[in-house]
Amino acid sequence: MVATVMTGGPSVDREGTPHYRMHIGGEWVDSDDRYELISPATEEVFATAAKGGTGHADAAVAAASRAFEEGTWRNTPPLERAAVLDRVIAAVTARMDEFTEIGVRECGFPQRLSQAICVGFPLAHMQHYADLTRTYAWERPGPVTGMVLSTQLVRREPIGVCVGIVPWNFPLIIAVWKTFPALAAGNSVVLKVDEKTPVAALEMAAILRDAGLPAGAFNVVTGDGETVGAHLVRHPDVRKVSFTGSTAVGRQVMRDASDTIKKVTLELGGKGPNIVLDDADLDAAVDGSIYAFLLHAGQACESGTRLLLPSSLHDEFVERLTARLKTLKVGDPFDPATDIGPVMSAVQRDRILGYIESGKQEGATVAHGGGTPQGPGYEKGFWVEPTVFTGVRNDMCIAREEIFGPVLSVISYDSVDEAVKIANDTEYGLSAGVWSQDVPRALEVAGRLQAGSVWINDWHNISQHMPFGGFKQSGVGRELGADALDDFTEQKAITIDLTGRVDRRAYGLVLGTPPNA
């Protein structure tokens, strides 16, 4: 199948392959070096993209700074900014099929998952930010207070140049999380996309431009994280960094940003504990536990990758779970019948297989999968079988480190107190889940779990209306929710004197009695 040629700045090279350029200062900018964009399912090169460097990062920051200083966008009234976002929503809606195909080809999403994750989910979140732009308290009055008669205003104002750094696993929805609240607040944005999955964000740049966003208010650069990403984080003209990625890189982002005291939002790794209580609905819990660890072939930071089962249910639950896994189809993501697609790259596949081998060596038992699928259809592509380990201890590598693949560690427990202790025994705290037909009981357990999101009888239910982020080393700050614009604004307190007279103010504390008093 020939990749769709879209309007977001791609040219077509002499071999007929689409080539995507960066978007800087309202222009499409190429580079001498290129990335080959490889389909995870077929290993075909479906497009190329410009390979950015630190010079491109500097140019993007300069363009964003100029746009912010000129003030066209930051001085646009919120209702008009919301209208621009509305036009973006309409344009993406009109191109649902194209964005679905990008997700399949670029990320390996199965088709029906791509339609939800690469179109439906982003659209809902875009609408959330557009609506919030209209209702957010950009200015609120304070009381008449103080040692002298005065009144106050509190204003929320844009920060300046905001950098968003987006990973490869969910490139469009996370780009929306970085871009839309920043633009809603009147900031300028530089988005650093992952070199493996730049297409959706570059298409978004074209849509934002056509929707009326001023040149320089939104810029997209490509490049390696170690060079371009780090350079943007350290750049003195950048005021805010929003990063989604691994905890190890997040630590470095925090260090680099500290030199210039940037505002930082970090959404990092996870090792989600999924606790099944002894009164759970087993049919729902089995399907839900599979969904928890297998969405996007396990390549989600808030996946439920540690399944905690009561000893009394362990064998029956594992039997049901492995039987259900056998009904799933792993294969061609363009096939509507496919449930599980490939992992992102050969590097990612080999890393996951290394963890599977580690689990075997540590003494865990492979109850399902444990390798790569074989046979017709798997000759090309980056495939890993859905894998379930039993007999896992919480001190094993597969229970402690983020594998980022379709691997589930099953841990047995004898009491709820033990389950909670195991669940919290991790450096991560992004997500957790509890399965029980007794909701008050589940709520009590949820209250004891150290995680930013806890789902009861569900998983991956990330609502645009709820804050999302992590405890402990899973992150700093929150995205989404009713207060989503707070981290993209600065508060300014303005105090207005109401006395109208010098002798009614506090100047005498320093100046003494006025000479003409």
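**Figure 1. Left-handed crossing of α2 and α4 in the predicted model.** The crossing of helix α2 with helix α4 is left-handed (near helix turned anticlockwise from the far one by less than a right angle; clockwise gives right-handed). The axes of α2 and α4 (residues 111–135) come within 8 Å and cross at roughly 165 degrees; axes are lines fitted to C-alpha atoms, for helices over the stretch in contact, with angles from 0 to 180 degrees between N-to-C directions. The two helices are therefore roughly antiparallel (over 145 degrees; under 35 is roughly parallel, 65 to 115 roughly perpendicular, the rest oblique). On the α2 side, the contact (heavy atoms within 4.5 Å) is made by Pro78, Leu79, Arg81, Ala82, Ala83, Leu85, Asp86, Val88, Ile89, Val92 and Thr93. On the α4 side, Leu123, Met126, Gln127, Tyr129, Ala130, Thr133 and Arg134 take part. By class, the residues of this contact divide into twelve nonpolar (Ala, Val, Leu, Ile, Met, Phe, Trp, Tyr, Cys, Pro), three charged (Asp, Glu, Lys, Arg) and three polar (the others, Gly among them). Helices (H or I, at least four residues) and strands (E, at least two) are DSSP runs, numbered from the N terminus. Residues are numbered from 1 along each chain as its sequence is written, and side-chain values use heavy atoms, without hydrogens and water. As the model is predicted, local features need pLDDT of at least 70 and side-chain atom pairs pLDDT 80 or more, whereas totals for chains, interfaces and linings use all residues.

**Figure 2. Packing of α2 against α6.** Helix α2 (residues 78–94) also packs on helix α6 (residues 199–210), where the axes come within 9 Å and cross at roughly 130 degrees. The pair is therefore oblique, and its crossing is right-handed. Val88, Ala91 and Val92 of α2 meet Met204, Ile207 and Leu208 of α6. This contact comprises six nonpolar residues, with no polar and no charged ones. Val88 and Val92 of α2 are also among the residues that contact α4.

**Figure 3. Packing of α9 against α10.** Helix α9 (residues 282–294) and helix α10 (residues 314–325) pack at about 60 degrees, with their axes 10 Å apart. This angle makes α9 oblique to α10, and the crossing is right-handed. From α9, the contact draws on Leu282, Asp283, Ala285, Val286, Asp287, Ser289, Ile290, Phe293 and Leu294. From α10, Glu316, Phe317, Arg320, Leu321, Arg324 and Leu325 contribute. By class, the contact has nine nonpolar, one polar and five charged residues.

**Figure 4. The open seven-stranded sheet.** The strand order is β16-β17-β18-β15-β14-β19-β20, with mixed pairing (two strands pair if DSSP finds at least two bridges between them). Strands β16 (365–368) and β20 (453–456) stand at the edges with a single partner strand each, so one side of each has no neighbour in the sheet. On average, neighbouring strands here are turned by 25 degrees against each other, direction ignored. Within the sheet, β17 (residues 387–390) and β18 (residues 407–413) pair in the parallel sense over three bridges. Phenylalanine 389 has serine 409 of β18 as its bridge partner.

**Figure 5. Helices packed on the seven-stranded sheet.** Strand β18, which pairs with β17 over three bridges, is one of the strands touched by helix α13 (residues 416–424); the others are β14 (273–276) and β15 (306–310). The direction of α13 makes about 145 degrees with that of β18. Helix α14 (residues 439–446) packs on the sheet as well, touching β14, β19 (431–435) and β20. The direction of α14 makes about 160 degrees with that of β20. Strand β14 is thus listed for α13 and for α14.

**Figure 6. The open three-stranded sheet.** Strands β7, β8 and β22 form an open sheet in the order β7-β8-β22, with antiparallel pairing. At the edges stand β7 (139–141) and β22 (489–497), each with a single partner strand, so one side of each is left without a neighbour in the sheet. Neighbouring strands of this sheet are turned by 20 degrees against each other on average, direction ignored. Strand β8 (residues 150–158) pairs with β22 in the antiparallel sense over nine bridges. Leucine 153 stands opposite isoleucine 494 of β22.
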